[in-house]
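Me: I'd like a close look at one part of this model. Here it is.

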Amino acid sequence: MSSVSRRNFIRLVAGAGATSALALAGCKTPTEAGKAGGNVIVIGGGFGGATCARYLKKFDPSVNVTLIETNKVYHTCPGSNWVLGGMQGMDRIAHGFSKIEAEGVDVVHDWVTSIDPDARKVNLKGGGSMTYDRLVVSPGIDFRFDTIEGYDAQASGSVPHAWKAGPQTELLRRQLEAMPDGGTFVLASPPNPFRCPPGPYERVSLIAHYFKTEKPKSKIIILDSKPKFSKQGLFTAGWSTFYGFGTDDSMIDWIPAPDGTVTRVDVKKKIAYAGGDSGFEQEIEADVLNVIPAQKAGAIAHAAGLADDSGWCPVDQMSFESKIHKNIHVIGDSSIAAPLPKSGYAANSEAKVAAAAIVNLLQGKAPDEPTYVNTCYSLITPDYGISVAMVYDSVDGKVSKVKGSGGLTPKDGDNSLAAIYTRNWYDNVTNDIWGTGSI
Amino acid sequence: MKMKRSTFYLAALACVTGFAAEGVMAAGEPSGRAIAVTCAGCHGPDGHSVGPVPSLAGLPAAHIEQQLKDFKSGARPGTIMDRIAKGYDDANFAAVAKYYSKIK
């Protein structure tokens with residue numbers, strides 16, 4: 001079925017369902033008003049959304065699933081540091097939607113401009129609208145461009161954040177390649193909570209590996225808005241082993257908050273101003289400047305009023321249904337799911353819990369008992385990996401760490417095997433989400 | 001896994017939709033499927049791995065169960081599974097092992 005005819009079909013059928021549902025409001029779900037399966041729309045084709053679309057179909061093939069994603073080719077953030085470190089090209093982290101489509105999901109490449117929760121309708125930039133019984137919102141992150149003076153969306157055209165993979169990743173890689181030996185790479189690391197807590201430090205590690213190999217006189221400065229960071233002990237131990245961290249000759253310098261907190265940047269001169277809030281402002285000049293700003297839920301979450309004052313979306317943690325709007329589930333980075341981190345693995349895990357819950361709810365059943373895993377691998381060199389893992393369950397309706405589970409790679413851990421598993425994790429999780437291999 | 005599952009969600013659902021609470025769910029433990037799909041991130045969809053991380057699909061249930069117990073006890077060293085196995089109890093192991101043993 002072509003996406004157009006399928007879309008019309010959904011609009012027609014769901015429209016009729018909504019009318020019946022109104023008549024029966026408070027008594028029955030619209031699914032019960034005559035339709036088998038029900039209509040679910042998923043916004044966002046990343047780790048959360050694409051997983052959810054695929055598993056909805058897997059858990060109940062009778063559900064009509066539409067996935068709306070603006071990009072025809074999706075580049076993953078995991079693996080984008082490999083590209084920045086010169087280990088891989090962009091094709092290694094590129095994925096398409098043909099496999100998901102072949103499994104019966106209607107994939108629409110468009111952009112949702114607004115959501116009408118009462119009419120259960122999403123409006124598309126390309127024109128038209130679609131109605132749903134349940135909606136899944138998985139838009140990832142957006143940036144709080146009001147937090148660093150002089151840094152906004154336009155500025156990212158010359159000073160990349162590269163915290164959404166794609167053209168931003170390519171831009172930063174080109175700048176690193178063009179940087180002369182002896183140059184300085186400065187990375188401004190964001191405050192919590194943000195996407196992929198170990199990500200900035202893996203990025204620094206793999207760029208350090210690139211410099212050590214190609215431009216050994218170069219330096220890296222991390223200006224951090226936090227006093228500590230994820231897997232800090234493992235990262236700094238690895239930096240000591242490979243990049244002289246802690247010595248006068250260290251390639252990497254980490255300046256924690258408050259001195260490292262960047263409050264403004266001069267994009268033209270590539271200067272970051274840090275520590276202003278502590279009363280001692282430092283001016284740090286970069287050859288390549290990478291500003292990763294503070295973050296919030298993706299744009300549509302805000303447009304639809306799904307976020308609270310924190311900038312993120314409160315959800316019932318048994319089903320990921322929004323606490324603000326009924327029949328809308330928010331998963332992945334945009335949702336408030338702590339202690340689950342904002343990671344690709346967690347989004348994949350949340351998506352499956354939400355998919356199972358939605359299938360149950362459409363059938364008038366309560367959600368299943370949830371269980372989650374998070375595993376985050378990071379590379380310090382292409383052959384030296386570290387990991388953190390955790391199992392989560394549900395206690396009194398809230399996501400909870402299972403006591404005694406998880407934790408960090410031990411000091412005597414096998415770091416070379418972890419590096420092999422890092423790549424294997426990537427291949428298996430992307431296969432789980434988009435189907436076999438990169439495109 | 002220790003479950004102090006409250007029934008407030010169920011109650012809320014019953015209230016909203018008018019469904020009776022009886023028979024709509026089995027509270028307490030996650031299903032074999034619910035656990036199994038969390039493994040896919042590393043072991044691949046339906047336990048079919050494309051690399052050195054072992055595939056789980058179709059392995060005998062008793063074998064999977066024993067490996068998980070050994071990871072948990074430390075009898076089998078792991079890069080990461082030793083840490084993950086500590087998040088589950090024997091009933092969870094049996095449920096997930098049974099699920100994967102039935103996948104081709």
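At what angle do helix α2 and helix α10 of chain A pack, and how far apart are their axes? Please carry on from there to the contact between chain A and chain B.

Reply: Bear in mind that this is a predicted model. Helix α2 (residues 47–59) and helix α10 (residues 415–434), both of chain A, pack at about 55°, and their axes lie 8 Å apart. The two helices are therefore oblique to each other. On the α2(A) side, the residues that meet α10(A) are A:F47, A:A50, A:T51, A:R54 and A:Y55. Facing them from α10(A) are A:W425, A:V429, A:N431, A:D432, A:I433 and A:W434. Sorted by class, that contact has seven nonpolar, two polar and two charged residues.

Now for the chain–chain contact. Chain A puts in 56 residues and chain B 44. Together the two chains bury about 4,000 Å², with 59% of that on carbon and sulfur atoms. A:E369, A:T371 and A:N428 account for 16% of the area chain A buries against chain B, more than any other three residues.

As for polar links, there are two salt bridges between the chains. In one, B:R33 pairs with A:D368, and their closest N and O atoms are 3.9 Å apart. Polar contacts join 11 residue pairs across chains A and B, both residues being at pLDDT 80 or more.

Both helices turn up here too: α2 and α10 are among the chain A elements that each supply at least two residues to the side touching chain B, as are α9 (344–362) and β22 (372–381). α10(A) gives the most, with 10 residues. That whole side of chain A comes to 24 nonpolar, 18 polar and 14 charged residues.

Notes: Residues are numbered from 1 along each chain as its sequence is written. Chains are lettered from A and ligands numbered from 1 in the order in which they are written. This is a predicted model: local features need pLDDT of at least 70, side-chain atom pairs count only at pLDDT 80 or more; totals for chains, interfaces and linings use all residues. Side-chain values use heavy atoms; hydrogens and water are left out. Axes are lines fitted to C-alpha atoms, for helices over the stretch in contact, and angles run from 0 to 180 degrees between N-to-C directions. Helices (H or I, at least four residues) and strands (E, at least two) are DSSP runs, numbered from the N terminus. Angles under 35 degrees count as roughly parallel, over 145 as roughly antiparallel, 65 to 115 as roughly perpendicular and the rest as oblique. Contact means heavy atoms within 4.5 Å. Ala, Val, Leu, Ile, Met, Phe, Trp, Tyr, Cys and Pro count as nonpolar, Asp, Glu, Lys and Arg as charged, and the others, Gly among them, as polar. Buried area is the accessible area (1.4 Å probe) that two parts lose on being put together, summed over both. A salt bridge is a side-chain nitrogen of Lys or Arg within 4 Å of a carboxyl oxygen of Asp or Glu. A polar contact is a pair of N or O atoms within 3.5 Å; within protein, one must be able to donate a hydrogen and the other to accept it, and residues adjacent in sequence count only if both atoms are side-chain atoms.
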